[in-house]
Amino acid sequence: RDYLLTEINAIEGLRMLPLESTFLAWIDVSKLNLEDPCAFFEAAGVGMSPGTNFNDSNFLRLNFGCPKSILKEAVARIKAALV
């Protein structure tokens, strides 16, 4: 959780809210001005749930209940997609 929070918040245009518990990250992607943020990141190899499913199109939900090696790969793909 702490790793993901630090990494996502270091990426320009993204903001992750601090979590008290769970393995679900809410990532604010509103500053990216993407037509379909979910499809954008899916094309980069990172599957996330669209915030529209949860009544907020400004966010994506990332389930990070996985080994840290997989999480690091996902973060690397997110970064690469935004370069």
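**View A: the sheet.** Ser 49 in this close-up has Arg 61 of E4 as its bridge partner. You're looking at a predicted model, where local features need pLDDT of at least 70 and side-chain atom pairs count only at pLDDT 80 or more, while totals for chains, interfaces and linings use all residues. Residues are numbered from 1 along each chain as its sequence is written, and side-chain values use heavy atoms, with hydrogens and water left out. Helices (H or I, at least four residues) and strands (E, at least two) are DSSP runs, numbered from the N terminus. Four strands make an open sheet in the order E1-E2-E4-E3, with antiparallel pairing (two strands pair if DSSP finds at least two bridges between them). Strand E1 (15-16) and strand E3 (49-50) sit at the edges, each pairing on one side only. E3 is held to strand E4 (residues 59-63) by two bridges, again antiparallel. E2 and E4 also run antiparallel, and five bridges join them. In that pairing, Leu 24 stands opposite Asn 63 in E4.

**View B: around Asp 28.** Asp 28 belongs to strand E2 and is the bridge partner there of Arg 15. E1 and E2 run antiparallel, with two bridges between them. The side chains of this residue pair meet as well: Asp 28 and Arg 15 form a salt bridge at 3.1 Å, N to O (the rule wants a side-chain nitrogen of Lys or Arg within 4 Å of a carboxyl oxygen of Asp or Glu). It's a link between distant parts of the chain, with Asp 28 in strand E2 and Arg 15 in strand E1, 13 residues apart. Asp 28 counts as buried because its relative accessible area is 11% (buried is under 20%, exposed over 50%, partly exposed in between, using a 1.4 Å probe and protein chains only). Arg 15, at 42% relative accessibility, is partly exposed. Asp 28 also has a side-chain polar contact of 2.7 Å with the side chain of Ser 30 (a pair of N or O atoms within 3.5 Å; within protein, one must be able to donate a hydrogen and the other to accept it, and residues adjacent in sequence count only if both atoms are side-chain atoms). Leaving aside residues up to four places away in sequence, Asp 28 touches Gly 13, Leu 14, Arg 15, Asn 58 and Phe 59 (contact means heavy atoms within 4.5 Å).

**View C: aromatic pairs.** Three aromatic pairs turn up in a search of the whole structure (rings of Phe, Tyr and Trp, the last by its six-membered ring, pair if their centres lie within 6.5 Å; planes under 30 degrees apart are stacked, over 60 edge-to-face and the rest tilted). One of them is Trp 26 with Phe 54: the ring centres are 5.2 Å apart and the planes stand at 85 degrees, so the pair is edge-to-face. This one spans distant parts of the chain, since Trp 26 is in strand E2 (residues 24-28) and Phe 54 is in the loop between E3 and E4, 28 residues apart. Trp 26 is partly exposed at 27% relative accessible area, and Phe 54 is partly exposed at 33%. Phe 40 and Phe 41 are another edge-to-face pair, with ring centres 5.0 Å apart and planes at 90 degrees. Phe 40 is partly exposed at 29%, whereas Phe 41 is buried at 1%.

**View D: the nonpolar core.** The largest nonpolar core has 20 residues, and Leu 4, Ile 8, Ile 27, Met 48 and Ile 78 have the most contacts inside it (a core is a set of buried Ala, Val, Leu, Ile, Met, Phe, Trp, Tyr and Cys residues joined through side-chain atoms within 4.5 Å). At least two residues of this core come from each of helix H1 (2-9), E2, helix H2 (37-43), E4 and helix H3 (68-81). H3 gives the largest share, four residues. Not counting residues up to four places away in sequence, Met 48 touches Ile 27, Cys 38, Phe 41, Leu 60, Arg 61, Leu 62 and Ile 78. As general background, nonpolar side chains tend to be buried together in soluble globular proteins.

**View E: more salt bridges.** The salt-bridge count comes to four. One of them joins Glu 73 and Arg 77, whose closest N and O atoms are 2.9 Å apart. Both residues lie in helix H3, four residues apart, or about one turn of the helix. Glu 73 is partly exposed at 40% relative accessibility, and Arg 77 is partly exposed at 34%. Arg 1 and Asp 2 make another salt bridge through their side chains (3.6 Å, N to O). Here Arg 1 is partly exposed at 42%, while Asp 2 is exposed at 52%.
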